[in-house]
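Student: Could you take me through one part of this model up close? I'd like to see what it packs against and how it fits into the core.

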Amino acid sequence: MPRPWRKQNTNQSLKRPLIALAGNPNTGKSTIFNSLTGLRQHTGNWTGKTVVLAKGEYRYRGKTITLIDLPGIYSLLTSSPEEEIARDFLCFQQPEVTVVVVDSTCLERNLALFFQISEITPSLVICLNFIDEARRKGIMINTSKLEQELGVRVVTTAARQGIGLQELKEAVDEILRGAFTPKPKKVNYSPELEITIRRLEAELKNQAPPNLNRWLVLRLLDGDRKLFEKLKMKERRP
Ligand SMILES: Nc1nc2c(ncn2[C@@H]2O[C@H](COP(=O)(O)OP(=O)(O)O)[C@@H](O)[C@H]2O)c(=O)[nH]1
Ligand SMILES: [Mg+2]
């Protein structure tokens with residue numbers, strides 16, 4: 001099966017920071033991708049349309065950044081092809097930073113995905129897009145409070161109008177140059193589950209590939225066989 005998301009094994013591409021755009025469908029990911037990379041990618045979200053990952057580049061503060069437009073997803077827990085591609089990309093390609101693009105007019109539903117992704121990687125920026133629509137609807141968002149609560153940078157954008165994209169690039173770069181270390185708020189499960197997670201993490205430490213994360217441990221506890229097989233494949237790879 002072709003895997004368009006696998007990193008090319010060239011020194012050139014390995015040195016470049018890899019940034020992923022993740023989020024629900026229709027939150028403006030492709031609009032942001034197109035603005036930052038200058039590539040023309042069709043926007044629209046009929047089924048299957050964005051399953052092949054779009055990859056582009058932008059330059060910021062002397063760095064060339066590789067940007068990936070992940071397919072729109074609502075959750076990491078079901079197994080539609082889109083969700084599997086996005087999940088596998090985040091788990092196995094380990095982008096340096098993932099930007100979770102959120103529709104500011106329905107924050108609650110969109111943030112559910114943020115919490116799932118934060119179990120895969122802490123290296124996150126939240127992009128509150130559609131801020132123009134939110135304002136039009138009289139929705140006010142206290143971004144500094146949200147930053148405190150969630151432990152990551154929150155940037156507001158109106159991507160169609162090109163507003164806030166400079167700030168978004170800066171928020172990503174702050175992480176890349178070590179000026180800010182995101183510490184996303186952890187989801188706390190029941191004490192029993194937390195103990196089991198820790199035990200499994202400790203047991204797998206010496207066997208599992210280095211990209212083992214809390215989310216994978218939870219899926220293994222769930223008995224996700226397919227994911228288990230993928231992990232074994234990763235282990236065998238030199
Ligand atoms: N009003 C407004 N429209 C936006 C904004 N960002 C994207 N759009 C529009 O929303 C629609 C969906 O955007 P798209 O980039 O395809 O979303 P994706 O599914 O996340 O890739 C398109 O018609 C965009 O022009 C924004 O910040 N404000
Ligand atoms: Mg899109």
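Tutor: Happy to! A word on terms to begin with: a residue is called buried when its relative accessible area is under 20%. Keep in mind that this is a predicted model. Let's look at helix α4, which spans residues 107–117 and has N110, L111, L113, F114, Q116 and I117 as its buried residues. An α-helix has 3.6 residues a turn, so residues three or four places apart point the same way. The buried residues of α4 pack against strands β1 (18–23), β4 (97–103) and β5 (124–129), and also against helices α3 (81–93), α6 (143–150) and α9 (214–222).

Two of these α4 residues, F114 and I117, are also among those with the most contacts inside the largest nonpolar core, alongside L70 and I126. That core has 38 residues, and α3 gives the largest share, 6 residues. Because domain 1 (11–176) and domain 2 (191–236) both contribute residues, the core lies between them. As for L70, its contacts beyond four places in sequence are A20, L21, A22, K29, L53, A86, F89 and L90.

Now follow α9, one of the partners of α4. Helix α8 (residues 191–204) packs with α9 at an angle of about 105°, their axes 10 Å apart, and the two are therefore roughly perpendicular. Among the residues that meet there are L193, I197 and L200 from α8 and V217, L218 and L221 from α9. By class, this contact has 8 nonpolar, 1 polar and 3 charged residues.

Methods:
Residues are numbered from 1 along each chain as its sequence is written. Chains are lettered from A and ligands numbered from 1 in the order in which they are written. This is a predicted model: local features need pLDDT of at least 70, side-chain atom pairs count only at pLDDT 80 or more; totals for chains, interfaces and linings use all residues. Side-chain values use heavy atoms; hydrogens and water are left out. Buried means under 20% relative accessible area, exposed over 50%, partly exposed in between (1.4 Å probe, protein chains only). Helices (H or I, at least four residues) and strands (E, at least two) are DSSP runs, numbered from the N terminus. Contact means heavy atoms within 4.5 Å. Axes are lines fitted to C-alpha atoms, for helices over the stretch in contact, and angles run from 0 to 180 degrees between N-to-C directions. Angles under 35 degrees count as roughly parallel, over 145 as roughly antiparallel, 65 to 115 as roughly perpendicular and the rest as oblique. Ala, Val, Leu, Ile, Met, Phe, Trp, Tyr, Cys and Pro count as nonpolar, Asp, Glu, Lys and Arg as charged, and the others, Gly among them, as polar. A nonpolar core is a set of buried Ala, Val, Leu, Ile, Met, Phe, Trp, Tyr and Cys residues joined through side-chain atoms within 4.5 Å. Domain bounds come from an automatic or database domain assignment.
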